[in-house]
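Biologist: Could you take a close look at one helix for me, and then tell me how the rest of the chain fits around that picture?

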Amino acid sequence: MAENTEANRDTKHGVALAVTLWAITVVSVAYFFKYDVPELASDRGAQDSIYYVILGITGFAYVAVQFVLGLYIWKYRHRDGAEGSYWHDSHTMEIAWTVGTTVVLVPIVAWGLMLWQDVKAAPPEGDILVIEAVGAQFQWDMRYPGPDGEFGTWQPELYSLDNYLGLDPDDQAGQDDIHLTNQMVIPVDEPVRIMLRSRDVQHAFFLPNFRVKQDAVPGMQTSVWFTPTKIGEYEIACAELCGLGHYRMRAFLSVRSQADYQTWLAEQSAAN
Amino acid sequence: MSEGHDDHGHGGFISKYIFSFDHKMIGKQYLTLVMFMAIVGGALAMLVRLQLGYPGMHAEFWGKLFPTGMSQGVMTPEFYVMLFTMHGTIMVFFVLSLGPVSGFGNYLIPLQIGARDMAFPFLNMMSFWTALPGAIIILISFLVEGGAAASGWTAYPPLSAIRSAIPGSALGQTLWLVGMVFFVASFTMGGLNFVVTIINMRAKGLSMMRLPLTTWAQFIVGILGLLSFPALAAGAILLVFDRSLGTSFYLPEGMFIGDTLLPHSGGSPLLWQHLFWFLGHPEVYIIMLPALGFTSDILSTFTRRPIFGYRSMVYAMLAIGFLSFIVWGHHMFMSGMSPFLGTMFTMTTLCIAVPSAVKTFNWLATLWKAKIRFTTPMLFALGIVSLFVTGGLTGIFLGTNVVDIQLHDTYFVVAHFHFIMAGAGLFGMFAAIYYWYPKMFGRHMNETASKVHFWFTFITYYGVFFPMHYLGIAGMMRRIYDPNTYDYLKPLQPVNTFITICAFVLGASQVIIFVNYFWSMFKGKKVESENPWSANTLEWSTPIEPGHGNWPAELPDVYRWPYDYQHPDADDDFTPQWEPPKKAAAK
């Protein structure tokens with residue numbers, strides 16, 4: 001075949017592409033050491049473990065494939081007189097990469113689903129702290145059952161400007177409920193269950209430091225439970241587009257020692 | 001069987017350029033529409049990035065340009081929500097679906113299978129003239145009171161159903177839904193045409209297992225579109241009913257919006273999510289598969305190597321197409337859907353990793369011992385391989401439901417789909433434009449400008465979308481107007497500013513391809529050979545500027561598969577599909 005000058009001229013783009021791919025790979029991986037998940041403050045550390053394992057496996061695959069891609073681009077760039085190859089089928093290799101990928105994925109899926117089971121399982125039996133969080137454009141209304149340990153009932157048709165939680169005024173159990181806006185206080189090392197509802201559009205209750213996220217859906221009751229493990233002040237976010245104020249639907253979560261929590265609870269009940 | 005169509009070759013201006021029956025002209029019409037919509041969709045993204053890179057930036061100039069959206073020279077939150085909603089809508093449907101599928105599918109299918117036109121040329125014309133009103137309706141929605149739709153491209157009710165929930169949920173949202181119904185109608189006509197044409201109108205000797213992978217991809221896409229898009233059309237019509245006729249398909253009782261208790265009862269917002277994602281997930285593959293087909297064909301041409309593992313490539317695409325119908329729930333892990341369904345959808349979702357990995361490894365094996373010619377289409381095709389790997393791997397995080405708890409609705413997802421779906425779709429379209437341009441217009445595009453376009457696009461694409469992984473890991477939510485509202489997101493502002501700068505360069509560098517595309521139509525170097533790339537597929541056996549009917553004389557016969565490069569018995573380094581076997585040794 002005659003010398004193809006255009007092909008020869010273009011090889012510099014191949015060399016540049018190989019180097020660019022390697023450079024992108026190195027830089028993009030390096031920054032994974034700088035940016036990490038927010039500091040963990042709950043018992044959901046296993047979610048971080050599986051995240052790091054997947055990050056390791058996919059990170060390895062990413063580096064390996066991008067490197068080989070760059071290498072082949074570099075090595076097999078057009079050169080006059082280079083030997084070609086018509087080889088285009090290998091049953092063995094197709095089986096190898098089908099089985100190989102499957103073998104890597106099955107344990108990830110199995111482990112992931114076991115953890116999912118744990119996270120989604122029913123909360124521990126017995127007297128566990130339950131708090132209600134009601135999403136609304138653009139705030140989170142929190143409700144505690146108060147000293148009697150029981151929530152007053154609510155009805156969707158009772159929502160009004162004066163009764164923004166739709167509470168039944170005749171229900172005695174609701175008289176001592178504690179109401180807070182954009183603020184939640186919970187004791188450390190004690191499981192807490194959060195019952196979610198929405199009184200308008202969809203919202204998502206997101207606790208970045210606790211590895212917790214759950215949509216609040218109108219007409220539905222959803223819930224999450226977890227155990228906070230670190231005392232401190234944290235942020236609650238809305239993670240589902242809920243309107244023009246979605247970005248400022250922010251609330252605060254305070255994790256306190258058992259003693260501080262009881263003091264706070266007594267103050268709230270007294271103020272009620 | 002299709003000889004009947006070749007007689008309306010030379011009509012007047014209107015029948016040639018406007019109401020054309022010629023699949024090639026219809027394909028070009030689609031591409032012109034796509035380019036216009038891409039300018040709009042891209043400009044919206046630039047404004048989104050402006051706000052995220054420089055939150056609350058004040059400029060009097062903006063106030064004059066957008067008197068409502070940036071009234072005091074500062075962008076309002078409702079304007080911001082509208083921007084990303086319409087960016088997603090326009091890009092997903094009117095750029096990345098219409099371009100690779102309706103544009104290149106129409107243009108290439110008859111040429112690659114040796115047919116004179118699509119099976120139903122009138123339906124084909126109707127399909128374009130249904131898509132166009134859809135696009136116009138979507139564009140007009142920017143001008144109505146309240147502005148265009150602002151409930152995300154996913155249009156989740158109640159936000160999209162209740163007029164008082166957000167300004168864009170007024171007339172803008174209705175127009176969005178109507179535009180979408182037009183789009184679905186157009187796409188369904190196209191899909192029907194694709195499937196019927198490929199099944200019935202292949203040239204003599206062109207068995208299914210001799211089809212180029214591009215046409216295989218379009219065949220699968222046609223089936224996916226036919227089965228999935230009607231769900232969106234039905235869903236959209238029910239949502240129009242909820243909005244305008246007082247029904248409650250998606251609306252439960254107890255919604256207190258705008259100081260009033262709404263009278264709806266009995267519906268479920270999750271129904272919409274199921275219907276939407278039943279389309280939405282196959283839609284991702286509708287966008288991607290053609291790009292993967294282009295990649296395979298272009299890699300083979302410019303490596304001067306047969307595509308590695310042709311059969312496994314076909315099976316992989318079929319597997320991806322099938323699986324795409326049973327994974328939609330992975331968009332709903334946090335929605336309140338039963339956790340048992342979440343378990344099922346994690347298993348089906350991660351199955352997709354297997355055929356995807358097979359494709360990647362086959363591409364790498366195609367490069368092995370290649371003689372790569374780094375033309376611009378080849379550079380973009382290699383770019384797709386790189387983006388496909390990057391975006392595919394992050395799917396493992398999101399498909400594993402327990403990991404998705406933290407990453408769902410964060411920028412990690414935005415990074416993921418911009419690499420895998422948008423990246424493949426966009427780079428696929430670029431590769432296809434550069435590769436088939438000589439066939440489409442009989443001229444070459446300017447080579448230097450094309451290469452400059454590649455380099456700016458490839459590097460800034462990584463610059464824009466890779467750092468979004470870091471944002472997502474650090475917990476930054478999608479669709480927020482100002483991340484600095486949250487203390488824990490404040491340290492991320494430099495990343496956002498960096499992304500914005502890269503995005504502006506990425507956006508600006510697209511001017512190069514627009515100018516090159518239109519300039520080269522008139523001024524480009526004339527194509528001198530019917531087969532300028534020395535390729536094997538049938539489109540390169542047509543005259544330099546094929547008329548309506550594609551082949552002036554008889555249709556070509558096919559003697560082999562499309563990937564005979566470097567065949568040991570051949571004299572040249574390529575053996576086209578239409579070349580008869582040598583007299584003595586038949587293959």
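Modeller: Let's start where helix α8(B) stops: right after α8(B) comes R304(B), with a positive phi near 55 degrees. Bear in mind that this is a predicted model. Going back along the helix, α8 of chain B covers residues 269-303, 35 residues in total. From first C-alpha to last, α8(B) reaches 50 Å, close to the 51 Å expected at 1.5 Å a residue. There is a bend in α8(B) all the same, about 30 degrees, at W277(B). As for its surroundings, α8(B) is mostly covered, with 32 of its 35 residues buried.

For another helix to hold beside that one, try α17 of chain B, residues 493-523. Its 31 residues should span 45 Å at 1.5 Å a residue, and the end C-alpha atoms are 45 Å apart, so the two agree. The buried residues of α17(B) include V495(B), I499(B), L506(B) and Y517(B). Those buried residues pack against α2, α14, α15 and α16 of chain B.

Now zoom out. Chain B comes to 17 helices and 2 strands, and 63% of its 587 residues count as buried. Its C-alpha atoms fill a box of roughly 85 × 55 × 45 Å along the principal axes. A compact globule with 587 residues would have a radius of gyration near 25 Å, and chain B has 24 Å, so that agrees too. Finally, take the contacts in chain B between residues at least 6 apart in sequence: 78% of them join residues at least 24 apart.

Key: Residues are numbered from 1 along each chain as its sequence is written. Chains are lettered from A and ligands numbered from 1 in the order in which they are written. This is a predicted model: local features need pLDDT of at least 70, side-chain atom pairs count only at pLDDT 80 or more; totals for chains, interfaces and linings use all residues. Helices (H or I, at least four residues) and strands (E, at least two) are DSSP runs, numbered from the N terminus. The expected span of a helix is 1.5 Å times one less than its number of residues. The bend at a residue is the angle between axes fitted to the seven residues ending there and the seven starting there. A residue is buried if 20 or more other C-beta atoms lie within 10 Å of its own, exposed if 12 or fewer, and partly exposed in between; C-beta atoms are placed from the backbone. The radius of gyration is taken over C-alpha atoms; the globule rule is 2.2 Å times the number of residues to the power 0.38. Two residues are in contact if their C-beta atoms, placed from the backbone, lie within 7 Å.
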